[in-house]
Amino acid sequence: MSTTGATADPLAALSTLPGVAESVESVRKAVDRVYGHRVMRRRSNEITAEAALRGARGSAALSGADWALEEVRRRTDFSGDEEARTVGAALRLAAEAGQLLSIWRQSPLRVLARLHLVAAASKEGEVGRPRQEGESVDEPLVELPLPGAAEVSGRLEGLSELIIVGGSAPALVTAAVVHGELLALRPFTSRNGLIARTAERIVLIGSGLDPKSVCPAEVGHAELGRAAYLAALDGYVSGTPEGVAAWIAHCGRAVELGARESTAVCEALQRGAA
């Protein structure tokens, strides 16, 4: 879906699609429930740290490394096989996301380049910049047709302009569009899924919807499963109002499930069981 067009605020226009307002309201209520929990008043840093860990695990699972949470928690070396490197990349991105909030609104493309550097953990020439014509993409989950480098460049610039200008769109809508565009474009030679989900998180935090980063959408995306994730992405890429609305609703449900996960963590801490 192109995010550019004649509409003065195209992201806000998506808020009028059928069902989107309901998704936005449902997400707000779910987030408010977490922030209203008594444990959040005293131990929010612990909830944030646990949400980052669980979010990284969920994002890695969607990229083919479906490890148990305790295995992710226990491991210290992620330099082994490809699954280990994927989990390590997801953990590094989770740690990096909160450091880039001030830059995102001024230079989202700079942030995306930084995320690729962090995820790839390599100094190869294709790292930290959008792919060039003829370069291949390693993204086994997403099998959609791959846009050419010129289209990638143009759509990234359009997305960047929308973020910098800002607007009245709800955080969920902006986060879903950023996530969907990055998955559709796969602008880097590797780790695009991890980067797209991290960018979604950055929008949700930076918008003020989830300022303490305690509602990891990645948990929800993993819980909903790869098949539902890819079906919703197909709807987004179709560009139809129904498809885009379904993608936004899917992302909203993922945030709600992430909020539910952190509520469970709060309850466990309250019982002294965590």
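Which residues on the other side of α2 are exposed? Before getting there, bear in mind that this is a predicted model. The two to look for are Glu22 and Arg33, both exposed.

Let's stay with α2 for a moment. This helix runs over residues 20-35, 16 residues in total, and reaches 23 Å from its first C-alpha to its last, close to the 22 Å expected at 1.5 Å a residue. Its buried residues are Val20, Ser23, Val27, Ala30, Val31 and Val34. Look down the axis of α2 and these buried residues fall within an arc of 95°, so they line one face of the helix. As for what sits over them, the cover includes α1, α3 (38-62), α9 and α13 (241-271).

Now move along to α8, residues 149-165. Here we have 17 residues and a reach of 24 Å between the first and last C-alpha, close to the 24 Å expected at 1.5 Å a residue. The buried list for α8 is Ala149, Val152, Arg155, Leu156, Gly158, Leu159, Ser160, Leu162 and Ile163. Note the arginine in there: Arg155 is one of the buried residues of α8. Among the elements covering them are α1 (10-14), α6 (101-104), α7 (108-120) and α9 (171-185). So α9 turns up in the cover of α2 and also in the cover of α8, as does α1. Just after α8 comes Gly166, with a positive phi near 75°.

On to the aromatic rings. A search of the whole structure gives three aromatic pairs. One of them is Trp67 with Phe78, a stacked pair with 6.3 Å centre to centre and 25° between the planes. Trp67 sits in the loop between α3 and α4 (69-74), while Phe78 sits in the loop between α4 and α5 (82-97), so the pair ties together parts that are eleven residues apart in sequence. Both Trp67 and Phe78 are buried.

Tyr229 and Trp247 make a tilted pair, because their ring centres are 6.0 Å apart and their planes stand at 50°. This one links distant parts of the chain: Tyr229 belongs to helix α12 (residues 226-238) and Trp247 to helix α13, 18 residues apart. Tyr229 counts as buried, at 0% relative accessibility, and Trp247 is buried with a relative accessible area of 0%. Add Tyr236 to Tyr229 and Trp247 and you have one aromatic cluster. That brings us back to where we began, with α13 also among the elements that cover the buried residues of α2.

Methods: Residues are numbered from 1 along each chain as its sequence is written. This is a predicted model: local features need pLDDT of at least 70, side-chain atom pairs count only at pLDDT 80 or more; totals for chains, interfaces and linings use all residues. Side-chain values use heavy atoms; hydrogens and water are left out. Helices (H or I, at least four residues) and strands (E, at least two) are DSSP runs, numbered from the N terminus. The expected span of a helix is 1.5 Å times one less than its number of residues. Buried means under 20% relative accessible area, exposed over 50%, partly exposed in between (1.4 Å probe, protein chains only). Contact means heavy atoms within 4.5 Å. The arc is that of the directions from the helix axis to the C-beta atoms. Rings of Phe, Tyr and Trp (its six-membered ring) pair if their centres lie within 6.5 Å; planes under 30 degrees apart count as stacked, over 60 as edge-to-face and the rest as tilted.
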